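Colleague: I'm new to reading protein models. Could you walk me through this one and explain the reasoning behind the labels?

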Amino acid sequence: MPIYNQTQKEVLEQLSTSMEGLSNEKVKKRQEQYGLNQMNQSKPKSPVLIFLEQYKDLLVIVLICAALISAFSGEYVSTAVILVVITINAILGTIQTLKARKSLESLQKLSTPHVKVLRNGQMEEISSDQLTIGDIVCVEAGDVIEGDGRILEAANLQINESALTGESLPQEKTTEALSGEQPLADQTNMAFSSGLVTNGTGKYVVSSIGMDTQIGHIASMIENAQERKTPLQKSLDEFSVKLTISICVICAIILAINVFLAHENVLDALLIAVALAVAAIPEALGSIVTIVLSISTQKMVKENAIIKQLNAVESLGCVSIICSDKTGTLTQNKMKVMDVFANQEAFPPEALDASDHCHDVLLKECLLCNNAIYREDAQIGDPTEIALLELFDNYGKKDGDYVVETERMDEIPFDSTRKMMSINSKSHLYTKGAVDELLKRCTQILIHDQKRPITNEDKEVILSKNEYYAKKGLRVLGFAYKNMEPKPLDFADESDLCFVGMVAQMDPPRQESKDAVEKCRIAGIKPIMITGDHAITAQSIATEIGIFNEGDVVLEGSQLEKMSEDELDALLPKVSVYARVAPEHKIRIVKAWQKRNEIVAMTGDGVNDAPALKQSDIGVAMGITGTEVSKDAASMILMDDNFSTIVKAVITGRNVYTNIKNAITYLLSGNFSAILAVVYTSVLFLPTPFTAVHLLFINLITDSLPAIAIGMEKGSDDILKQKPRKSDDSILNSKTLIQIGTEGLIIFVFVITAYYLGNEVSPALASTMAFATLCLSRLFHGFSSRSALPLYKLSINVYSCLAFAVGAGLLMLILLVPGLHGLFTVAQDLTLQHIGLIVLCAFASFICIQLLRVIKTTIKK
């Protein structure tokens with residue numbers, strides 16, 4: 001019999017569980033029996049297949065051609081070296097792919113959804129993959145259902161199951177057993193994985209997990225989508241294709257000159273041309289970009305930001321507008337009761353006295369009209385409700401004899417229309433909510449131990465105090481009650497209430513928010529506060545942390561609705577605070593800024609924030625208070641819900657882009673110097689400066705190691721002083737191309753100088769000295785390419801030092817060990833004096849480039 005046809009008792013017996021939840025022992029046994037609550041992942045490619053796929057690259061095919069040409073020309077040593085280089089590159093590519101896979105897996109674990117379950121009779125928050133059959137799950141509005149299950153409790157519970165049923169409207173849930181066979185859409189006492197709780201609260205017992213759920217059946221029929229490249233990677237791919245074509249044209253010219261004008265052997269000339277093409281093209285660039293982005297995502301995890309999409313790292317550097325929630329992001333999201341209003345007078349919470357009947361009722365409401373969990377080891381629920389429980393707990397510590405024996409019976413949950421919630425006991429109805437809405441339903445007021453009709457003067461005093469609290473940035477909750485016999489509650493019961501009092505809470509700004517806002521302004525980023533709070537409250541907090549300044553405007557959602565697109569566009573730059581906004585307003589705000597070609601980051605934590613998070617360029621979800629829907633829609637998750645973390649992420653994004661650009665400049669300037677050397681000697685009919693093995697060594701060592709080290713440059717907060725770059729800015733603008741040409745020319749001059757010094761002895765020595773000078777010059781150039789600043793103004797980069805040490809060590813090994821001379825075509829007549837000249841020429845190129853940096857820096861000042 002399907003469990004939707006069974007009673008709750010039958011379901012619990014069948015699943016061998018109870019309303020107290022599973023014990024730890026049962027959880028362990030069931031996880032061993034049923035596995036974890038996970039969808040089957042597509043089988044990852046084996047390391048062997050990944051290794052073989054490295055040979056599909058066009059540039060690798062060119063290398064293989066070079067190896068075949070070497071074999072045909074009798075250069076078996078060169079053939080062996082080329083094949084070894086190809087294999088090493090393939091191994092490195094395989095290792096990086098496996099590392100990237102491991103990084104993504106670790107990020108997925110960090111962003112695993114969480115659920116609230118009852119275990120051992122206590123509520124716990126666990127990751128959804130630890131959910132098992134028989135668990136009792138507690139849900140409220142905003143939660144995503146994890147695992148299929150039978151509804152046990154439902155207080156106005158509504159779940160949107162459109163992903164399964166196609167029904168756009170949420171389904172009203174019931175706890176009663178159903179009769180007969182029912183289609184999925186009519187199984188109203190069931191909760192299905194991926195469903196979204198849109199209203200109310202409830203509990204369900206898990207009956208299916210993982211691939212056995214209804215959504216799991218659908219997932220098994222869906223093919224996994226292919227991973228898309230980032231915009232930066234796409235533009236770099238296009239750049240690489242254009243560069244490849246250009247280099248091939250140059251190589252064809254060199255080949256023609258060597259064959260038809262210099263009358264060299266065709267195979268030798270072809271080998272040099274092909275090897276030059278391989279050395280000139282920065283084939284390590286794609287790997288470097290991936291490595292830098294992967295390292296950056298891991299770094300940002302340590303700074304409490306989980307990047308779900310690699311392209312988000314790149315896009316962060318372009319952000320010019322940050323639209324942030326107030327609560328929890330700019331503030332601490334740790335509400336504290338600052339003031340209490342009862343008996344028509346205000347007093348600090350420490351002055352509460354339960355011997356006063358009005359105070360007693362207020363304390364009872366703080367405890368009973370509440371869905372939060374407050375224990376020493378855990379605080380789960382809405383921060384405003386946790387603050388109320390903390391108020392009650394603090395009073396209990398002061399007055400150990402104070403005990404509340406009243407039992408909670410039924411509940412009408414809070415919703416945004418009524419702006420209140422109610423519960424009943426055996427003799428009373430207790431209601432809490434927005435003061436203005438609550439007063440509309442009150443006909444009496446409690447003063448000490450006496451009820452009397454509430455007057456307009458009473459209401460004016462209460463509303464005046466409410467407004468006073470709001471101006472100070474406090475959040476106010478009103479409390480009311482009435483006598484009532486126990487019965488199932490409905491909305492009509494929330495009438496003829498007796499007003500008890502108010503509690504004013506404060507969510508103070510985070511200490512670091514003010515500094516983060518100031519950094520935004522320095523960086524040319526406009527911070528905007530978007531909140532559902534009153535305009536007065538929002539402006540108060542915004543002014544304190546520096547978002548709202550003189551001349552700025554606060555715009556309420558109701559005003560926004562009445563404005564045309566043109567009116568909004570005209571006012572947009574002046575608005576720094578949006579108050580009383582609905583989720584749909586957020587989308588309009590984002591689109592309005594995007595029409596101005598601005599890159600917008602939007603924070604959100606609610607279910608209805610998901611469309612705005614999707615619409616923005618960078619959607620930022622809250623890791624602590626955020627719903628699973630908002631986290632799913634976002635491209636970045638803040639694990640500490642802290643606005644300053646966004647600013648740190650922007651700094652990282654800008655530094656990542658700068659590092660990648662510096663790495664590209666380094667690669668191309670070095671490659672340009674090599675091309676110039678080959679073209680120069682070919683045009684003057686001089687012996688070739690580099691052999692195929694030389695160029696392959698340069699490609700493997702002096703390209704990859706320093707470039708990766710540049711990509712791992714620490715970066716600086718000073719990058720915030722730059723204006724945000726446009727998303728369509730070219731990575732190779734005229735300024736960068738001039739730098740590449742100038743620095744490549746300087747390296748070329750000293751390479752050719754070393755070449756001529758060696759050519760006085762022999763062509764072989766000329767080739768060896770040119771090769772060694774180019775290698776060492778590029779290793780030195782790795783230090784210069786770290787920044788546009790002179791080296792003496794930079795801190796030490798351990799990775800650059802390590803890259804230089806490894807590269808220089810391998811080069812000296814080749815030059816000094818006679819057994820390696822034949823393998824790397826090193827001249828036999830190389831002396832220590834020649835090595836000294838090589839070091840001198842390479843260091844001289846470094847000094848010239850550094851002097852150029854000093855001159856540029858001085859001119860800028």
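Modeller: Happy to! This is a predicted model, and by the distance rule the count comes to 22 salt bridges.

Colleague: What makes lysine 586 and aspartate 325 a salt bridge?

Modeller: Their closest N and O atoms are 3.0 Å apart, and the rule asks for a distance within 4 Å, so the pair qualifies. This pair also links distant parts of the chain, with lysine 586 in helix α20 and aspartate 325 in strand β9, 261 residues apart.

Colleague: Why is lysine 586 called buried?

Modeller: Buried means under 20% relative accessible area. Lysine 586 has 6%, so the label fits. Its partner aspartate 325, with 9%, is buried as well.

Colleague: How do you know that aspartate 490 and lysine 487 form a salt bridge?

Modeller: The closest N and O atoms of aspartate 490 and lysine 487 are 3.9 Å apart; the cut-off is within 4 Å, so this pair counts too.

Colleague: And why is aspartate 490 called partly exposed?

Modeller: Partly exposed lies between the 20% and 50% limits. Aspartate 490 has 36%, so it belongs there, and lysine 487, at 34%, is also partly exposed.

Colleague: What makes leucine 832 exposed?

Modeller: Exposed means over 50%, and leucine 832 has 68% relative accessibility, so it counts as exposed. You can find leucine 832 in helix α29, residues 832-860.

Colleague: Which residue of helix α29 pairs with glutamate 743?

Modeller: Glutamate 743 forms a salt bridge with arginine 853, the closest N and O atoms being 2.5 Å apart. Glutamate 743 sits in helix α25 and arginine 853 in helix α29.

How values were computed
Residues numbered from 1 in each chain as written. Predicted model: local features only at pLDDT ≥ 70, side-chain atom pairs only at ≥ 80, totals over all residues. Heavy atoms only, no water. Helix = DSSP H or I, 4+ residues; strand = E, 2+ residues; numbered from the N terminus. Buried < 20%, exposed > 50% of the residue type's maximum accessible area, 1.4 Å probe, protein only. Salt bridge = Lys/Arg side-chain N within 4 Å of Asp/Glu carboxyl O.
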